[in-house]
Amino acid sequence: MISPVTPNNYQELLAVWEDSVRATHDFITDADIAYFKPIIIEQAFPNVTLHCVKNSDAKIVGFIGVHDRKIEMLFVLDKNRRQGVGTKLLRFALEAQNVQFVDVNEQNPEAVGFYEAKGFKVYERSPTDDMGKPFPILRMRLLTSA
């Protein structure tokens with residue numbers, strides 16, 4: 001079941017984010033994580049519409065953040081990856097929020113493949129992320145229905 005997120009959930013979301021990043025973004029350093037954490041809590045979370053999936057213990061196992069038809073974040077706990085959590089969150093965003101776009105780290109080929117399998121295609125590449133960090137970004141657009 002997909003649930004809305006409130007600011008009371010931000011610390012739990014941040015823990016999911018960090019766990020997911022450590023498992024899937026081997027190009028991100030501890031210093032990068034420390035740099036991004038306050039930005040995510042203070043700026044990113046409050047500026048997107050957040051929804052999550054919880055397990056039977058009511059713990060968040062994955063979340064998605066959407067703004068203006070674009071997925072700004074989708075993260076799943078490492079132990080819950082490949083169990084349909086990301087797909088469930090993406091389908092929700094497609095159906096309920098009319099998502100059409102996503103940016104993906106080029107250095108995360110598993111994420112690129114996930115979105116390509118769901119009908120997203122690269123339309124642009126940026127050598128840096130939105131903060132100017134040297135993390136190449138692939139801008140993707142939905143071309144077919146997931």
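Colleague: How much space lies in the largest pocket?

Modeller: Keep in mind that this is a predicted model. In it, the space in the largest pocket comes to about 1,300 Å³.

Colleague: Which element gives the largest share of the lining of that pocket?

Modeller: Several elements chip in: H1, H2, E4, H3, E5, helix H4 (109-117) and strand E7 (137-142) each supply at least two residues. Among the residues nearest the pocket's centre are Glu72, Leu74 and Asn105. With 7 residues, the largest share of the lining comes from E4.

Colleague: And how many residues of the lining are nonpolar?

Modeller: The lining has 45 residues to sort. Of these, 9 are charged and 13 are polar, while the nonpolar ones number 23.

Colleague: Let's turn to H1. How far apart are its end C-alpha atoms?

Modeller: Helix H1 covers residues 10-24, so that's 15 residues. At 1.5 Å a residue the expected span is 21 Å, and the model agrees, with the end C-alpha atoms 21 Å apart.

Colleague: Which strands help cover the buried residues of H1?

Modeller: The buried residues of H1 include Leu13, Trp17 and Val21. Their cover includes helix H2 (30-44), along with three strands: E2 (49-54), E3 (60-67) and E4 (70-76).

Colleague: What about Gln100: buried or exposed?

Modeller: Gln100 sits in the loop between helix H3 (85-97) and strand E5 (101-105). Leaving aside residues up to four places away in sequence, Gln100 touches Arg69, Phe120, Met140, Arg141 and Leu142. Its relative accessibility is 19%, and the cut-off is under 20%, so Gln100 counts as buried.

Conventions: Residues numbered from 1 in each chain as written. Predicted model: local features only at pLDDT ≥ 70, side-chain atom pairs only at ≥ 80, totals over all residues. Heavy atoms only, no water. Helix = DSSP H or I, 4+ residues; strand = E, 2+ residues; numbered from the N terminus. Expected span 1.5 Å × (residues − 1). Buried < 20%, exposed > 50% of the residue type's maximum accessible area, 1.4 Å probe, protein only. Contact = heavy atoms within 4.5 Å. 1 Å grid on protein atoms, 1.4 Å probe; cavity = no way out; pocket = protein on both sides within 12 Å on 5 of 7 lines; lining within 4 Å. Points joined across faces, edges and corners; volume = space filled by probe spheres on them. Nonpolar A, V, L, I, M, F, W, Y, C, P; charged D, E, K, R; others polar.
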